[in-house]
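Me: I should like to request a close look at one part of a structure, set out in connected prose for a first-year student.

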Amino acid sequence: MTVENKEVLIELKDINVTYGGVKALDSVNVSFREGEVVALMGPNGAGKSTILKSLFGLAPTTHGVHGGVFWRGNKLDTDLLLPHHMVPLGVTLVPQGKRVFGKLTVKENLEIGGVSLKDKTLLKERIEEVLDLFPVLRTKLHQKSRELSGGQQQMVAIARGLITDPRILLLDEPSLGLAPKVVQEVFQTIKDINQKKGMAIVVVEHNLKSLLPIVDRAYVLDKGKVVAEGKGQDIVDSGIFKKVFLGALE
Ligand SMILES: Nc1ncnc2c1ncn2[C@@H]1O[C@H](COP(=O)(O)OP(=O)(O)OP(=O)(O)O)[C@@H](O)[C@H]1O
Ligand SMILES: [Mg+2]
């Protein structure tokens with residue numbers, strides 16, 4: 001079965017987010033299928049992080065009459081739109097910038113990712129599983145996280161997000177501050193996770209060139225609205241990026 005035919009896991013329909021006077025999201029519609037890798041792109045302040053937060057119950061969302069946040073086709077009640085309800089459904093967010101707890105060891109950071117797991121044997125198994133995905137972390141398990149390189153810290157942050165074995169992983173700028181070679185490694189690992197586990201991945205990224213080879217689809221945002229959606233190369237060919245990044249879309 002191709003990705004296009006897979007079940008929609010999570011969907012934002014006609015979603016608005018307003019912060020003070022700022023409309024961070026303006027009637028946004030996005031959906032993500034089982035097993036897809038989707039990029040969210042657009043200039044600073046476009047609303048990319050707000051989309052991820054809305055998918056994880058961390059943004060003050062409102063919606064139109066037929067809108068809402070839907071999980072496998074079912075509308076989620078507003079009081080369920082909180083991270084501790086989204087995690088058991090299978091959603092995890094690795095937020096922008098905040099990487100790891102520097103004073104804690106790599107192992108302790110990974111354990112924090114599994115606080116919601118009651119079964120400690122399962123936690124151990126999951127830690128082993130993510131260490132197979134990030135072998136370099138195995139050698140650093142008992143080191144304080146702040147002693148790791150930036151790329152390794154980002155791997156800890158992603159690995160921590162994987163401990164609950166989500167169906168969809170939300171990554172906010174995983175390449176921020178990393179050298180191009182490390183960016184390639186992080187993206188390759190993202191693709192490996194997607195292929196080995198069939199996990200859907202939504203990734204916010206400025207680094208278009210490195211990301212496109214690994215994505216099935218992309219959304220382009222500008223000023224709180226989705227202005228383009230499609231296969232990565234089609235979006236590049238459409239010239240939308242030039243318009244959006246030069247602020248020509250008024
Ligand atoms: N907690 C908040 N309080 C007030 N305004 C906010 C808050 N979070 C976001 N905003 C505003 O909402 C808009 C969208 O922000 P968002 O963080 O989603 O953008 P972004 O596309 O992720 O940008 P960047 O590429 O800089 O990370 C911006 O105008 C921002 O200033
Ligand atoms: Mg952001």
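Which of the 14 residues around ligand 1 come nearest?

Reply: The model is a predicted one. Of the 14 residues around ligand 1, those that come nearest are Asn-44, Gly-45, Lys-48, Ser-49 and Thr-50. By character, the shell around ligand 1 comprises 7 polar residues, 5 nonpolar residues and 2 charged residues.

Several polar approaches to ligand 1 can be described atom by atom. Thr-50 places a polar side-chain atom 2.5 Å from an oxygen atom of ligand 1. In the side chain of Gln-96, an N or O atom is 3.0 Å from an oxygen atom of ligand 1. Ala-46 takes part through its backbone, where an N or O atom lies 3.1 Å from an oxygen atom of the ligand. Taken on its own, ligand 1 has 630 Å² of accessible area, and the protein covers 64% of this area. Two elements give two or more residues each to the shell around the ligand, namely β2 (22-33) and α1 (48-55). Of the elements, α1 gives the most, with 3 residues.

The metal site involves two residues already named. The magnesium ion, which is ligand 2, is coordinated by the OG atom of Ser-49 and the OE1 atom of Gln-96, at 2.0 to 2.4 Å. These two residues link distant parts of the chain, for they are 47 residues apart. Ser-49 belongs to helix α1, whereas Gln-96 belongs to the loop between β6 (91-94) and α3 (106-113). Their accessibility may be stated as well. Ser-49 counts as buried because its relative accessibility is 17%, and the limit for that class is under 20%. Gln-96 has a relative accessible area of 35% and is therefore partly exposed.

Gln-96 is thus a residue with two roles in this description: its side chain has an N or O atom 3.0 Å from an oxygen atom of ligand 1, and its OE1 atom coordinates the magnesium ion.

Three further residues may be considered in turn. Thr-164 is located in the loop between α6 (150-162) and β7 (168-172). With a relative accessible area of 17%, Thr-164 is buried. Apart from residues up to four places away in sequence, Thr-164 touches Val-87, Thr-92, Gly-113, Ser-116 and Arg-126. With one of these, Thr-92, there is a polar contact of 3.2 Å between the side chains. Ser-116 is 48 residues from Thr-164 along the chain, yet the C-alpha atoms of the two are separated by 7.9 Å.

The remaining two residues are both placed in α7. Val-186 lies in this helix, which spans residues 180-197, and Asn-194 is found in helix α7 too. Val-186 counts as buried because its relative accessibility is 3%. When neighbours within four places in sequence are left aside, Val-186 is in contact with Met-155, Ile-158, Pro-174 and Leu-178. The C-alpha atom of Val-186 is separated by 7.9 Å from that of Gly-151, although their positions lie 35 residues apart along the chain as a sequence distance. Asn-194, at 6% relative accessibility, likewise counts as buried. Under the exclusion of neighbours within four places, Asn-194 is in contact with Gly-35, Glu-36, Val-37, Met-199 and Ile-201.

Conventions: Residues numbered from 1 in each chain as written. Chains lettered and ligands numbered in written order. Predicted model: local features only at pLDDT ≥ 70, side-chain atom pairs only at ≥ 80, totals over all residues. Heavy atoms only, no water. Near = heavy atom within 4 Å. Polar contact = N/O pair within 3.5 Å; in protein donor to acceptor, adjacent residues only side chain to side chain. Areas by Shrake-Rupley, 256 points an atom, 1.4 Å probe, with all protein chains shown as cover. Helix = DSSP H or I, 4+ residues; strand = E, 2+ residues; numbered from the N terminus. Nonpolar A, V, L, I, M, F, W, Y, C, P; charged D, E, K, R; others polar. Donors = N, O, S within 2.8 Å, 3.2 Å for Na, K, Ca; no water. Buried < 20%, exposed > 50% of the residue type's maximum accessible area, 1.4 Å probe, protein only. Contact = heavy atoms within 4.5 Å.
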